[in-house]
Amino acid sequence: MSAVRANPKPAAPAASPACDFDLVIVGAGFGGLYMLHRARQRGLKVRLFEAAGGVGGTWWWNRYPGARVDIESFEYSFAFDDALQQEWQWSERYAAQPELLRYLNHVADRFGLRPDMQFDTRVNAARFDEAAGVWDLEVGDGQRVRTRYCAMATGLLSAPHKPPIPGLDTFKGEQYQTSYWPHHEVDFTGKRVAVIGTGSSAIQSIPVIARQAKHLTVFQRTPNFSIPLRNCPMDREIEKRIKADYKKWREMEFNSFGGFISVNYEPYGFNPKAALEVSAQERRAEYERRWASGGLCFYLAFTDLLFNREANETLAEFVREKIRERVKDPAVAELLVPQGYPILTKRLCADTGYYETFNRDNVTLVSIKDTPIEKITPTGIVVAGREYPVDAIVFATGFDAVTGALNKIDIRGRGGAALKDQWRNGPRTSVGIMSAGFPNLFFVNGPGSPAAFFQPVLLAEYQGDWILDCIGYLDRNGKRTIEATESAAEEFVKHSAEIAGSTLFGLSNNWYMGANIPGKTRVMLMYLGGFPAYRDQCVAAAANGYGKFVLDGTAAGQAVAA
Ligand code: N01
């Protein structure tokens, strides 16, 4: 694991066949930055392209009011460099977007990464040149770049989804999207504002917007389960304790299922008991303890919550009760109480005063579950024949997750085959890192990996190291290409589907399965077996000279230097 191992020795790159770069990285979020840093350390000639005007990825784009991380700052940060861990001071238990952006900029400067990054440059197309065994990229306004390897660190939630509601273009007021929030300050003072959507982004922004707007109307299709985040200023004593033992905490994270253990306050890690094996009293006590701690620790409360509907219902009912306590008007409370799907199967939200916001006089909740938005007019939003006049609309309508950002790039592998065609019925990868027919193309936090179910910063570190180790191996052995085999991908996809099939995730319309995007194939997009099991898969895939892959067009595993 990257947190506890020494920097690897630079590999000697093989002679580049008429290439501009050894490695091109797409995306300057956590994953791209880490990989760039490590690739440079290994002596690779590398260039990172980023569509945005600066570093940050998710944290560059999502500047909406109230945006903050809901994994503790001490955990949602790089583990690979202890000096960096020691010197950075987080100001809050859960860092807000501006602080995360400062942190990522600090990382870029501290490790001198900027000279190898090119901003405002979208990668539009990537085609594998079979004769030369290299990738030919079309970037920005037609610039052509050739590279031996390409790593897509394009993000899990980076292709925003804006539903094509009739009349949208006729609206005369202001329109915002949480994931494309402008860089200038948006002032809703004195305005009638609508928020469409009630996922994590909406749940974070609604309380902040409500405090500013003259009136806020929230249009809710599916109520979400939300837990109090309980953010607070960083306690310096806790900081000292964590920094004194950072290595131990990181090891625990890397060896845990989801990569977060709530190190900051009380470690509410994995509870090995099942909800249905303990008494109602013990269950309640466990839920109350976690409720008081706040955040996402409910995922680890009992082992059967994601597998057994009856067990799941014990937690769902506990949270429903809490929602009813937080909302004064019982009719509004009932609209906000989620019913009909298992808790935790749509991403659990963590809020700061979300439900209490509906106790304000200037906030109205409109359920569009049975009566969808009919149209948008120049002056408002129409539901069930009634117009709600508004001056501004905020779309908090989510993302074409996991595959969306990759599908925006015209990626073509052997024989000119398009990746999006190959993945029409769901992504097919070997260990979430490579796809058959697309040699030397790697995914970071991509489809098939545990992304979204494992702390994404740590996963990016692990995968970044795996990919660079792989490149190092090829270079040391004079090999030019590596690709997944169809049979290995089939085996991994089948294994992942079996795990997913044993869970309750299929019982809700969640983005993990693409169920939030009309027409997208409904299939679990990520690995649900937990990080330790995933790591075993990655180690096995690399064993015997990358025996589960094809090297230079022939089966791997022959006698080559380790
Ligand atoms: O997106 P979402 P998000 N008409 O897909 C509704 C991470 N994140 O940006 O549920 C009306 O969750 C849709 O309704 P429904 C986190 O992993 C983390 O909020 O499909 N409504 C839903 O209510 C999260 O899960 C943080 O019925 C429509 C909402 O829009 C992920 O990003 C903060 C609609 C979309 O919710 C995505 O969160 C923010 C339509 N046509 C995000 N289409 C942290 O706290 C969609 N909706 C760290």
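In this predicted model, an oxygen atom of the ligand sits 3.2 Å from a polar backbone atom of Ala396. Side chains take part in the surroundings of the ligand as well. For Ser201, an N or O atom of the side chain is found 2.6 Å from an oxygen atom of the ligand. For Gln204, the distance between a polar side-chain atom and an oxygen atom of the ligand is 3.0 Å. On its own, the ligand would expose 910 Å², and the protein buries 87% of this area.

Stepping back from single atoms, the shell around the ligand can be described as a whole. It is made up of 24 residues, and the closest are Thr198, Ser201, Arg221, Thr222 and Trp511. Helix H5, which covers residues 200–212, gives the largest share of this shell, with 3 residues.

A sheet is the next feature to follow along the chain. Three strands build an open sheet, arranged in the order S13-S14-S15 with antiparallel pairing. Strand S13 (373–376) and strand S15 (386–389) are the edge strands; each has a single partner, so one side of each has no neighbour in the sheet. On average, and ignoring direction, neighbouring strands of this sheet are turned by 25° against each other. In general, the strands of a sheet pair through backbone hydrogen bonds, in either a parallel or an antiparallel way. Here, S13 and strand S14 (residues 380–383) run antiparallel and are joined by 3 bridges. A handy place to look at this part of the sheet is Lys375, which stands opposite Val382 in S14.

Two further residues show what a buried position looks like, one in a helix and one in a loop. Arg320 belongs to helix H9, which spans residues 309–326. With a relative accessible area of 2%, Arg320 is buried, because buried means under 20%. Leaving aside residues up to four places away in sequence, Arg320 touches Phe225, Glu313, Val337, Pro338 and Gln339.

Ser430, in turn, is found in the loop that lies between helix H13 (419–422) and strand S18 (441–443). The relative accessibility of Ser430 is 4%, so this residue counts as buried too. When residues up to four places away in sequence are not counted, the contacts of Ser430 are Ala484, Ala488, Ala489, Phe492 and Phe549.

Technical notes: Residues are numbered from 1 along each chain as its sequence is written. This is a predicted model: local features need pLDDT of at least 70, side-chain atom pairs count only at pLDDT 80 or more; totals for chains, interfaces and linings use all residues. Side-chain values use heavy atoms; hydrogens and water are left out. Helices (H or I, at least four residues) and strands (E, at least two) are DSSP runs, numbered from the N terminus. Buried means under 20% relative accessible area, exposed over 50%, partly exposed in between (1.4 Å probe, protein chains only). Contact means heavy atoms within 4.5 Å. Two strands pair if DSSP finds at least two bridges between them. Axes are lines fitted to C-alpha atoms, for helices over the stretch in contact, and angles run from 0 to 180 degrees between N-to-C directions. A residue is near a molecule or strand if one of its heavy atoms lies within 4 Å of it. A polar contact is a pair of N or O atoms within 3.5 Å; within protein, one must be able to donate a hydrogen and the other to accept it, and residues adjacent in sequence count only if both atoms are side-chain atoms. Accessible areas come from the Shrake-Rupley method with a 1.4 Å probe; for residues, only the protein chains shown count as cover.
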